[in-house]
Amino acid sequence: MSWMMMFFAHDQRVGAVFLRVVPNRSQFFEYEPVTFYCEGVSHDNVLHKLKDKIQPCSNSNKETATGSSCTVNAVYTDDSGKHWCETREGKRSNIINMTVTAGSVILESPAVPVMEGEAVTLSCRSKMNSSTFTADFYKDGLHISSSSKRIVTLHKVSKSDEGLYKCSISGAESPESCLNVTDSFITFIDSSECSCNVYLILRTVFTIMLVALLLLLLGLLHYGKIGATTANSCSTSCKCNCHGTGNKQI
């Protein structure tokens with residue numbers, strides 16, 4: 001994944017602004033340090049923002065080879081939310097949704113979208129150091145795996161792997177995080193919202209429309225059969241009556 005980050009940092013599109021976070025995950029315990037890297041913009045022209053407010057990084061804002069970095073020495077639950085960077089002219093980067101918890105368990109999952117076909121490892125981390133506890137993993141509320149190593153690997157991810165993931169250890173649950181999967185570099189850079197819920201809604205709407213279309217088709221076919229049967233019945237009835245009348249005249 002690191003080579004991909006470097007590739008996007010030197011994206012061929014002029015003026016592209018890209019935000020990444022180190023460590024690359026969307027969940028953090030309180031008081032953990034976090035560093036944001038804004039790439040594709042000059043150091044003197046970058047603003048790091050949280051919830052549309054400038055992040056206080058004046059003492060730790062440093063110039064990098066590809067832009068600027070912003071280090072927060074200790075994050076708090078109030079720091080949960082949308083992070084991005086932008087130029088002073090208003091050109092924005094992608095958005096990273098970060099969750100900071102005071103709980104005892106977090107799910108380590110990528111903070112940025114992952115490419116289709118890649119292998120992604122999700123890790124369940126607890127403040128408790130004991131290694132005797134098994135971690136349970138869930139996707140969209142459904143149990144998908146149990147692991148004594150507290151990890152689960154999704155091999156060759158696709159759009160079907162998108163969803164809300166969480167884990168639990170000894171009854172303590174992590175927050176939920178959305179895993180985004182993309183099939184293009186441009187989508188990766190321009191991704192600003194968690195698209196999982198949108199994807200699920202679109203899939204549901206598509207299914208409903210397909211079922212409605214099938215029902216309409218079946219209705220039309222059924223109506224056509226009834227019409228054909230009625231026409232045949234009338235034709236037969238006519239012939240019978242005509243023959244009957246004719247017989248009477250003879």
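These exercises work through the disulfides of a predicted model.

**Exercise 1.** Find how many disulfides the whole structure holds, and which cysteines form them.

*Solution.*
Step 1. Apply the cut-off: a pair counts if its sulfur atoms lie within 2.5 Å.
Step 2. Search the whole structure. Two disulfides turn up.
Step 3. Identify the pairs. Cys-38 bonds to Cys-85, with an S to S distance of 2.0 Å. Cys-124 bonds to Cys-167, with sulfur atoms 2.1 Å apart.

**Exercise 2.** Place Cys-38 and Cys-85 in the chain, then determine the handedness of their disulfide.

*Solution.*
Step 1. Take the torsion about the S-S bond of Cys-38 and Cys-85. It is about 80°, so this disulfide is right-handed.
Step 2. Locate the partners. Cys-38 sits in strand S3, residues 34–39. Cys-85 sits in strand S8, residues 81–87.
Step 3. Check the separation. The two cysteines are 47 residues apart, so the bond links distant parts of the chain.

**Exercise 3.** Do the same for Cys-124 and Cys-167.

*Solution.*
Step 1. The S-S torsion of Cys-124 and Cys-167 is about 85°, so this disulfide is right-handed.
Step 2. Cys-124 belongs to strand S12, residues 120–126. Cys-167 belongs to strand S16, residues 163–169.
Step 3. With their positions 43 residues apart, the pair also links distant parts of the chain.

**Exercise 4.** Decide whether Cys-38, Cys-85, Cys-124 and Cys-167 are buried or exposed.

*Solution.*
Step 1. Recall the cut-off: buried means under 20% relative accessible area.
Step 2. Cys-38 has 0%, so Cys-38 is buried. Cys-85 has 0% and is buried.
Step 3. Cys-124 has 3% and counts as buried. Cys-167, at 0%, is buried.

Methods: Residues are numbered from 1 along each chain as its sequence is written. This is a predicted model: local features need pLDDT of at least 70, side-chain atom pairs count only at pLDDT 80 or more; totals for chains, interfaces and linings use all residues. Side-chain values use heavy atoms; hydrogens and water are left out. Helices (H or I, at least four residues) and strands (E, at least two) are DSSP runs, numbered from the N terminus. Buried means under 20% relative accessible area, exposed over 50%, partly exposed in between (1.4 Å probe, protein chains only).
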